[in-house]
Amino acid sequence: MGVGIEVANLNAWYGNNHALQDINLNIPANHATALIGPSGCGKSTFVRCLNRMHETNPVARATGTVRIGDLDIYKDCKPVKVRRRVGMVFQRPNPFPTMSIYDNVCAGLKLNGYDHRQALDEIVEKSLRNSALWDEVKDDLKKKSGASLSGGQQQRLCIARALAVDPEVLLMDEPCSALDPVSTSKIEDLIFQLKPQYTIVIVTHNMQQAARVAEKTGFFLNGRMVEFDTTHKIFTNPSDKRTEDYITGRFG
Amino acid sequence: MREERKLRDRIRALTDGLATALALLATIVVVAPLVAIFAYLVYKGASSLSLDFFIKIPKPVGELGGGMANAILGSAILLAVGSAIGVPVGIGGGIFLAEFGRGTRLANAIRFTADVLNGVPSIVMGIAVYSLIVIPQGHFSAFSGGVALGIMMIPTVCRTAEEMLLMVPNAVREAALALGVPNWRSVLAITVKTASPGIITGCMLAFARVAGETAPLIFTALGNQFWSASLNEPIAALPLQIYIYALSPSDDWHRLAWAGALVLIVLIVAAVSLVRYVASRGVLKGAS
């Protein structure tokens with residue numbers, strides 16, 4: 001089951017660049033939340049703060065509170081534990097090139113010391129079914145490398161890999177920006193299917209996509225969150241002039 | 001207009017042909033010495049090869065015949081000791097430089113040292129190991145020879161491992177970290193594995209290079225005209241044996257030296273090919 005995310009006074013820096021300034025928001029459990037905004041506005045930095053990937057950059061730093069369910073991720077625990085509960089899908093598909101499809105899916109489990117073979121088989125099948133890839137790859141699971149799949153298949157493989165560790169939250173950082181429309185629509189269908197079990201946060205440049213998949217939408221600009229509301233309200237009757245200008249295409 | 005275009009097309013075709021020819025010429029220039037050396041070795045050495053060469057040890061001065069069996073075994077032992085030192089230390093250093101120490105002063109110092117070590121003449125390496133191991137122990141030994149070869153392997157292995165690890169896309173590292181895999185485990189199981197074909201090539205380069213080294217062995221392994229597989233005693237090696245025989249006044253020994261050079265090259269190629277074959281067996285369809 002998914003859990004809600006509470007963010008309070010989140011600030012993030014890259015060196016001296018203050019990339020995120022005083023972000024406060026509550027992301028509801030078991031819904032999809034979209035983050036929109038022009039390039040460089042801090043959307044990606046924000047989602048990377050939710051699983052502490054932000055700090056893997058040596059010059060990066062973050063302060064504030066992020067609660068995922070009942071876990072205060074910057075206070076209570078180590079990054080490794082956070083990332084097991086918060087899965088992430090990146091902009092470009094990044095399967096492990098030397099591993100088979102099967103090993104890609106169970107990499108998160110195996111590398112954390114889990115090696116119950118029969119259980120792994122079941123988890124791999126379930127994860128690939130959940131990411132709508134099973135029928136396309138079931139015959140080559142251990143024969144083909146993850147890198148031999150098409151771009152759209154690779155991205156669904158990466159989703160399966162993230163799902164296999166059974167996270168509560170799934171972060172998607174522009175998951176469709178490198179994909180064609182057919183693959184994009186497959187991934188959007190997938191988001192609909194996954195919503196009841198996971199809390200999904202999706203960064204997107206495609207406003208139609210945000211309108212299609214998300215119940216809530218947040219608009220970021222220059223490192224601040226300008227507006228956060230139901231997707232319907234953001235796209236039909238935004239309260240802030242800047243949001244309106246952005247969604248009507250007057251800038252960005 | 002049309003005339004002008006025709007002329008331009010012809011110039012373009014000519015440039016293309018010229019560039020292709022130059023590339024071909026460059027390839028020939030690179031490959032020719034290798035082919036020439038190998039052909040000359042076969043011409044000079046093949047006739048002196050016999051079963052005796054592989055199963056007998058050198059005959060005393062004045063007697064004809066004999067072989068280099070002990071030198072083949074000796075080279076194998078020296079290279080095994082050298083690889084046991086050079087490969088793990090080199091790969092470990094490369095992993096540190098690329099994954100853990102990136103940008104730190106220590107890493108820069110190690111990288112600089114490795115580059116200097118790579119430039120140290122091999123005879124100097126022999127003398128260094130002579131004073132570090134042979135003198136304190138009081139005798140020449142296979143062990144000290146292996147150490148000298150191992151130290152010579154380190155910089156090549158280390159720097160190629162670093163380069164290959166740096167070529168692994170950051171996206172792959174991030175994918176592992178985002179799954180909640182601890183950093184050290186991600187480095188070993190993901191990054192090093194992804195870079196392993198290149199790292200193996202680096203190890204093979206270093207191996208092939210030291211396999212033919214004579215100078216570092218003169219003060220350490222010394223050479224031996226008899227069977228010995230002990231790490232604690234002087235040991236024979238193919239390059240040493242070739243060196244001694246080639247400088248001798250005997251025609252019979254000259255012929256054996258040619259045969260030895262041929263065998264050395266063939267064995268190096270065989271060893272490298274074997275490692276490549278074994279390493280390539282696990283590679284999956286479509287893996288990059």
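Start in chain B of this predicted model by selecting α1(B) and α11(B), which cross in the left-handed sense. The selection is residues 2-45 for α1 and residues 251-280 for α11, both in chain B. Where they pack, the axes lie 8 Å apart and the angle between them is about 135°. That angle falls neither over 145 degrees nor within 65 to 115, so α1(B) and α11(B) are oblique to each other.

Now show side chains at this crossing. From α1(B), display Phe38(B), Leu41(B), Val42(B), Lys44(B) and Gly45(B). They meet Trp258(B), Ala259(B), Ala261(B), Leu262(B) and Ile265(B) of α11(B).

Stay in chain B and select residues 69-100, helix α3, together with residues 105-119, helix α4. Here the packing angle is about 135° and the axes are 10 Å apart. This makes α3(B) oblique to α4(B). The crossing of α3(B) past α4(B) is left-handed. On the α3(B) side, the contact uses Gly93(B), Phe96(B) and Leu97(B). On the α4(B) side, pick Ala107(B), Ile110(B), Arg111(B) and Ala114(B).

Next, go to the boundary between the chains. There, 25 residues of chain A are in contact with 20 residues of chain B. Which elements of chain A give two or more residues to this side? They are α2 (79-85) and α3 (101-110) of chain A. Of the elements, α2(A) gives the most, with 3 residues.

Hide chain B and look at chain A as a whole. Chain A contains 10 helices and 10 strands. Its C-alpha trace spans about 55 × 40 × 30 Å along the principal axes. For 252 residues, a compact globule would have a radius of gyration near 18 Å, and the value for chain A, 18 Å, agrees with that. Of those 252 residues, 50% count as buried. Among contacts in chain A with a separation of 6 or more, 70% join residues 24 or more positions apart.

Select the open sheet of chain A next. Its 6 strands run in the order β6-β7-β8-β3-β9-β10, and the pairing is mixed. At the edges are β6 (86-89) and β10 (224-230) of chain A, each paired on one side only. From one strand to the next, the twist averages 15°.

Inside this sheet, pick out β3 (residues 32-36) and β8 (residues 199-203) of chain A, a parallel pair joined over 4 bridges. Which residue stands opposite Val203(A) of β8(A)? It is Leu35(A). With the sheet still shown, add helix α1 (residues 43-50) of chain A, which packs on the sheet. This helix touches β3, β6, β7 (169-173), β8 and β9 (216-221) of chain A. Its direction makes about 150° with that of β8(A).

The last stop is the hairpin formed by β1(A) and β2(A). Select residues 5-14 for β1 and residues 17-27 for β2 of chain A: these strands pair in the antiparallel sense over 7 bridges. Label Ala12(A) and, opposite it in β2(A), Leu20(A). Then follow the chain into the turn, where 2 residues lie between the strands. Gly15(A), in the turn, has a positive phi of about 60°. While the side chains are on display, keep one rule in mind: in a regular strand they alternate between the two faces of the sheet.

Terms used: Residues are numbered from 1 along each chain as its sequence is written. Chains are lettered from A and ligands numbered from 1 in the order in which they are written. This is a predicted model: local features need pLDDT of at least 70, side-chain atom pairs count only at pLDDT 80 or more; totals for chains, interfaces and linings use all residues. Two strands pair if DSSP finds at least two bridges between them. The radius of gyration is taken over C-alpha atoms; the globule rule is 2.2 Å times the number of residues to the power 0.38. A residue is buried if 20 or more other C-beta atoms lie within 10 Å of its own, exposed if 12 or fewer, and partly exposed in between; C-beta atoms are placed from the backbone. Two residues are in contact if their C-beta atoms, placed from the backbone, lie within 7 Å. Axes are lines fitted to C-alpha atoms, for helices over the stretch in contact, and angles run from 0 to 180 degrees between N-to-C directions. Angles under 35 degrees count as roughly parallel, over 145 as roughly antiparallel, 65 to 115 as roughly perpendicular and the rest as oblique. A crossing is left-handed if the near helix is turned anticlockwise from the far one by less than a right angle, and right-handed if clockwise.
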